Structure formats: C-alpha cells, structure tokens
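Reader: I am in my first year and would like to look closely at a single part of this protein. Could you take me through one helix and its surroundings, step by step?

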Amino acid sequence: MNTPELLAPAGTPEHLETAFAYGADAVYAGQPRYSLRVRNNSFKDVAALGAGIERAHELGKQFYLVSNIAPHNDKVRSYLRDLAPVLEQKPDALIMSDPGLIMLVREKWPDQPIHLSVQANAVNWATVEFWRRQGISRVILSRELALNEIREIRERVPEMELEVFVHGALCMAYSGRCLLSGYMNHRDANQGACTNACRWNYKQVQHGHDQTGDLIATCGGGDVQEVAPKEILLEEPNRPRGFIPAYEDEHGTYIMNSKDLRAVQHVAELAKMGVHSLKIEGRTKSTYYVARTTQVYRRAIDEAMQGKPFDMNLMDELEALSNRGYTEGFLRRHMPREYQTYEQGSSFLGTQQVVGTITDTDDQWLTIDVKNKFAPGDQLELISPAGNIRFSANVMENRNGQAMDYAPGSGHIVRIPIPADLPQNLNHSYLTRILPSAPSN
C-alpha cells in the first residue's frame, strides 16, 4: 500500500504556506482567467504563480496549476499565449477539463503532465482508459462515484493515477457543471464566476397562478388561488421581488444547498485501493480551514499507513469547522449506525470559533492578533503544525500591559499567559474558542 498524496487548496500564498506547514504534499492554485475560481484568487499573474511554484519546490512539494474552465472561442484564441509564460515557471502538472485545450497543450508541450479535472466527469473505467491513451497522467474522479466503482476503475486501469476528493463543499450539479448562477445572475459557473446561488437563503412567498398557469407573487394582496402543495415561490432576502418558482417531485427540490463532503473515515480504504491523491476542496476558504483539514487528513493518512484503526476523534476535529452538515456524498449508500448517529449531532456553526492568530511569544506571554471576541475563562485550543493543546487563560492584557476583561474582536492585539506543553513551532498557529455546547474532552 503506497502512501497517498495529500493535496490541499491554495487560494493565496498564505494558504500555500499553511498547507505545507500542516503536512500537505502538494497544493493546487488557479490560473488567472482559465480556472473555476476567478474570484478570490491571489495568484493573479505569472510572477505570483512563479513565486508559489518556486516555494513549493524549495520545500520538496508539488504545485498543480488549475486550468479547467469550459472555454468559449475567445478564450481558446488566447489560451496558449497566456499559458506559455506560466509553463516556464514549471508547475508540476496542469489540471484541465476541456478536450480541445488538452489537445492544444499536448501538441505544443507534449512532455507537460496533465491531470484531468473533476469537471470532465470521469465516472467509469472506459473513460479513464480513453484519457490514458491521450497521454493524461492522472484522472480526478467525479464526486458521484461509490467506493466499489473507484476500486473497479483502479483495477481495470492500473497504469493511471487516480485522485479523489475527500473533503469540502459539494455542488448541487453534476461535478460542478451548474447553470444556476449563469441563469439567475449572468455569472457563468463554468467560466469561474459562480455566485453560489444554490446556497442563498430563500424563503417561501405567498403566491397563486396567472392565466397561463405560471406561479406569481401575490404578496398578501387579493384572493390567492389555491396551488398544489409541492409548488413553491421563493424570494431571497437580498434580492427583493426576485421571485423564483421551485417545484418538488419524487426526486426532491430543484434548488438545494448541499451538505459538505467529509470522507476522513475512508482514507485507509482509498489508500488500500491504490488511490494516488486525496484532495481537499476549498481555494476560497480561510487559512484556518486549510490548517485544520490538512492537519486532520495528514494524521488520518499517517495512521492508516501505520495500520492503526480509524480514530473517531478525527470526525470531532472536523466538527470544529463551520460546515453545512457533513455527508459521505456518494461513497456509500448506507452508513453504519455510529456514523448516522454522529451525523444527527453535527453543528452547522462548528464546535469552535477562531479567535485569533499567534503573532509572537516570550517566556511568559502569547501575543494574539484577535479575530473574534473571547475572554479570560473561555475554553481555548491552540492549533499548530507541531500539535494542538487545550487550556484556559485566567488573565488577559493589551500590548501596553493593561488588564482586559475581554478581547473585543478584529483589530485588537492581546496577550495571555503561555499554557503548559506549548508546542515549539508556532508559525501558522491559530487560537480557537471552544463553544459552550462542544465537548471539552
């Protein structure tokens, strides 16, 4: 059993440094204009990408460049021109989905490694074999596959490297091929401009039928014609009177907010299958998210390689993150009872809240750049690349040594006494507050 690569997201250079500090083997970042995360991408030019690639290689790590849009003609015309200076920086692979762009890259740079993006929707072994024959070195499998399907693909195409998503947001559409944002806001998700319309906070609006049978808003005025109970007219609070009809049938509602993927409990099995890379989604998430998920999956991989049984505490640690509720996605159709029971107790707010980052330390004090309010007596956890510790600080002071009753929030610097068993490496460290409903261990 080979140790699978742990692949983490890098939306910014800080994310890159954090991912590597917490144990990632590789990161992925988007190519400007040609990836599905045009917004919130700090790697906006060749210089920034080059610096990221250089830093990864200094650390003996890998840097994959995401170039996976569904391009229209105007982007095909400019693609090779824009890609050439980036490839001079020597990314370890391109992550691509469009057959036409793949053809052009293979013709111009035949030795450039290419990984097939999840956007290409590879869901069977024949598709994987097809792409192997085109010179693709790795296929990122669709999220819609079950464990037994992944296993069969691995057995039938043993020469191909496989990558599987194990954590992060799920899309309501098939592996992200969604038209909802483009339809509602003229921001095409397949061009990297998704507005996440599926995750907005919709509410039902009083409604009736017009003469053609379409749903219309009545907003409390006049008589309301009775409608079928499974027809709903939605309104999003930030878009008043932007009414949207939704219909429910035996398959559910057509506008939905998917739960988040969490597959840490399947790391050992995926490794035994021979999956080459386990991927964390989240290029637009916080650095704390990158730190926490990378740390947990690093430990899961290492313990699986040591033959240790799965530690359910890893599930608890991921509950510390804000989430939309967790799901195994399509990996298994029927979960064991312990996972079902656990899922029922998940917290959408997370069991912990980031309250600051560690900026300095001396013999007595930790200096904290505050992000959220906390106070002496709160149960805290220090998250660091060298390990985590839980403690409670009884006193707090500002940078001038004056006592404080609480840290108000972002923009403040405070100090608290150094806890016992402080890890040696505090670079990229975070301080969290354990919320009252969370287990204190």
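Author: What follows is a close look at helix H4 and its partner H3, with a short view of the whole protein and of two single residues afterwards.

Please keep in mind that this is a predicted model, and that the protein in it has 11 helices and 23 strands. Helix H4 covers residues 99-108, and helix H3 covers residues 73-87. The axes of these two helices come within 11 Å and cross at roughly 40 degrees. An angle under 35 degrees would count as roughly parallel, and one from 65 to 115 as roughly perpendicular, and H3 and H4 are therefore oblique to each other. The crossing in which H3 passes H4 is right-handed. On the side of H3, the residues that make this contact are Val76, Tyr79, Leu80 and Leu83, while H4 brings Leu101, Leu104, Val105 and Lys108. Sorted by class, the contact of H3 with H4 has 7 nonpolar residues, no polar ones and 1 charged residue.

Now consider which residues of H4 are hidden: the buried residues of this helix are Leu101, Ile102 and Val105. Because they cover an arc of only 100 degrees around the axis, they lie on the same side of H4. It helps to recall that an α-helix has 3.6 residues a turn, so residues three or four places apart point the same way. The buried residues of H4 pack against H3, but also against strand E4 (93-96), strand E5 (114-116) and helix H5 (125-133).

Stepping back to the whole protein, buried residues make up 50% of its 441 residues. Of the contacts with a separation of 6 or more, 66% are between residues 24 or more positions apart.

Two single residues can be set beside this picture. Aspartate 260 is found in strand E14, which covers residues 260-262, and it counts as buried because its relative accessibility is 6%, where the cut-off is under 20%. Leaving aside neighbours within four places in sequence, aspartate 260 is in contact with Gly168, Ala169, Leu170, Asn323, Arg324, Gly325, Tyr326 and Thr327.

Phenylalanine 330, by contrast, lies in the loop between strand E16 (326-327) and helix H11 (337-344), and its 39% relative accessibility is why it counts as partly exposed. Phenylalanine 330 and alanine 146 are 184 residues apart in sequence, yet 5.3 Å apart in space, C-alpha to C-alpha. With neighbours within four places in sequence again left aside, phenylalanine 330 is in contact with Arg143, Glu144, Leu145 and Ala146.

Technical notes:
Residues numbered from 1 in each chain as written. Predicted model: local features only at pLDDT ≥ 70, side-chain atom pairs only at ≥ 80, totals over all residues. Heavy atoms only, no water. Axes fitted to C-alpha atoms, helices over the stretch in contact; angles between N-to-C directions. Helix = DSSP H or I, 4+ residues; strand = E, 2+ residues; numbered from the N terminus. Parallel < 35°, antiparallel > 145°, perpendicular 65-115°, else oblique. Left-handed = near helix turned anticlockwise from the far one by under 90°. Contact = heavy atoms within 4.5 Å. Nonpolar A, V, L, I, M, F, W, Y, C, P; charged D, E, K, R; others polar. Buried < 20%, exposed > 50% of the residue type's maximum accessible area, 1.4 Å probe, protein only. Arc of directions from axis to C-beta.
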